[in-house]
Amino acid sequence: MTPEQKAREVIDNKLVQSGWIIQDMSKLNLLAGLGVAVREFPTSTGLVDYALFVEGTPVGIIEAKKDDAGGNITAVEGQGI
C-alpha cells in the first residue's frame, strides 16, 4: 500500500466515523445524505483530495499533506481556493 493509499484510508475512516458519506466523482450524488465528501474533486486550481458538501452546498475541502509539510501551509494554500 502506498503512503497515499494509507493516508486516504485513515481520512476515509475518520470521515465515516464523523457521519460523512464518501463518494468518488464517478458516482456523484451530493444529496445522498446530510454530509457528502467527494474524493478528487475538480476546482479552478486543480483537484482537491476531498470536497465537503452539506445538503448539496460546498462547505470545505481536505488536502492531505505529509506530516513534515504541516508547518509550511502557505506553500499549498492555493489548492484551497
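**Figure 1. A nonpolar surface patch in the predicted model.** Three residues make up this patch: Leu-34, Val-54 and Val-59. Together they present about 260 Å² of accessible area on the surface. Val-59 sits in strand E4, which covers residues 57-62. Its relative accessibility is 53%, so Val-59 counts as exposed, the cut-off being over 50%.

**Figure 2. The largest pocket and its lining.** The volume of this pocket is about 260 Å³. Eleven residues line the pocket. Those nearest its centre are Pro-3, Glu-4, Ala-7, Ala-64 and Lys-65. Two elements, helix H1 (3-17) and strand E3 (46-54), each give at least two residues to the lining. Helix H1 supplies the largest share, with five residues. Sorted by class, the lining holds six charged residues, five nonpolar residues and no polar ones.

**Figure 3. The fold of the chain.** One helix and four strands make up the secondary structure. Their order along the sequence is α-β-β-β-β. The chain has 81 residues, and 20% of them are buried.

**Figure 4. Arg-39 between two aspartates, Asp-12 and Asp-24.** Salt bridges link Asp-12, Asp-24 and Arg-39 in a network. In one of these contacts, Arg-39 pairs with Asp-12, and the closest N and O atoms are 2.5 Å apart. Arg-39 belongs to strand E2 and Asp-12 to helix H1, so this salt bridge ties together parts that are 27 residues apart in sequence. Arg-39 and Asp-12 are both buried. In the other contact, Arg-39 pairs with Asp-24, with 2.8 Å between the closest N and O atoms. That pair also links distant parts of the chain: Arg-39 is in strand E2, and Asp-24 is in strand E1 (residues 21-24), 15 residues apart. Arg-39 has a relative accessible area of 17%, so it falls under the 20% cut-off for buried residues. Asp-24, at 33% relative accessibility, counts as partly exposed.

**Figure 5. The salt bridge of Glu-40 and Arg-8.** The search of the whole structure finds three salt bridges. In this one, the side chains of Glu-40 and Arg-8 meet at 2.9 Å, N to O. The pair joins distant parts of the chain, with Glu-40 in strand E2 and Arg-8 in helix H1, 32 residues apart. Glu-40 is partly exposed because its relative accessibility is 29%, which lies between the cut-offs of 20% and 50%. Side chains of opposite charge can pair when their charged atoms come close.

**Figure 6. Positive phi at Glu-40 and Glu-55.** Glu-40 is a residue other than glycine, yet its phi is positive, near 50 degrees. Its place is in strand E2, residues 35-43. Glu-55 is not a glycine either, and its phi is positive at about 50 degrees. Glu-55 lies in the loop between E3 and E4. Buried or exposed: which holds for Glu-55? Its relative accessibility is 59%, so Glu-55 counts as exposed.

Conventions: Residues are numbered from 1 along each chain as its sequence is written. This is a predicted model: local features need pLDDT of at least 70, side-chain atom pairs count only at pLDDT 80 or more; totals for chains, interfaces and linings use all residues. Side-chain values use heavy atoms; hydrogens and water are left out. Patches are made of residues with over 30% relative accessible area and no salt bridge: like charges are joined within 9 Å, nonpolar side chains (Val, Leu, Ile, Met, Phe, Trp, Tyr) within 5 Å. Accessible areas come from the Shrake-Rupley method with a 1.4 Å probe; for residues, only the protein chains shown count as cover. A salt bridge is a side-chain nitrogen of Lys or Arg within 4 Å of a carboxyl oxygen of Asp or Glu. Buried means under 20% relative accessible area, exposed over 50%, partly exposed in between (1.4 Å probe, protein chains only). On a 1 Å grid over the protein atoms alone, a cavity is a set of points where a 1.4 Å probe fits but cannot get out, and a pocket is an open set with protein on both sides within 12 Å along at least five of seven lines; lining residues have an atom within 4 Å of a point. Grid points are joined across faces, edges and corners, and a volume is the space filled by probe spheres set on the points. Ala, Val, Leu, Ile, Met, Phe, Trp, Tyr, Cys and Pro count as nonpolar, Asp, Glu, Lys and Arg as charged, and the others, Gly among them, as polar.
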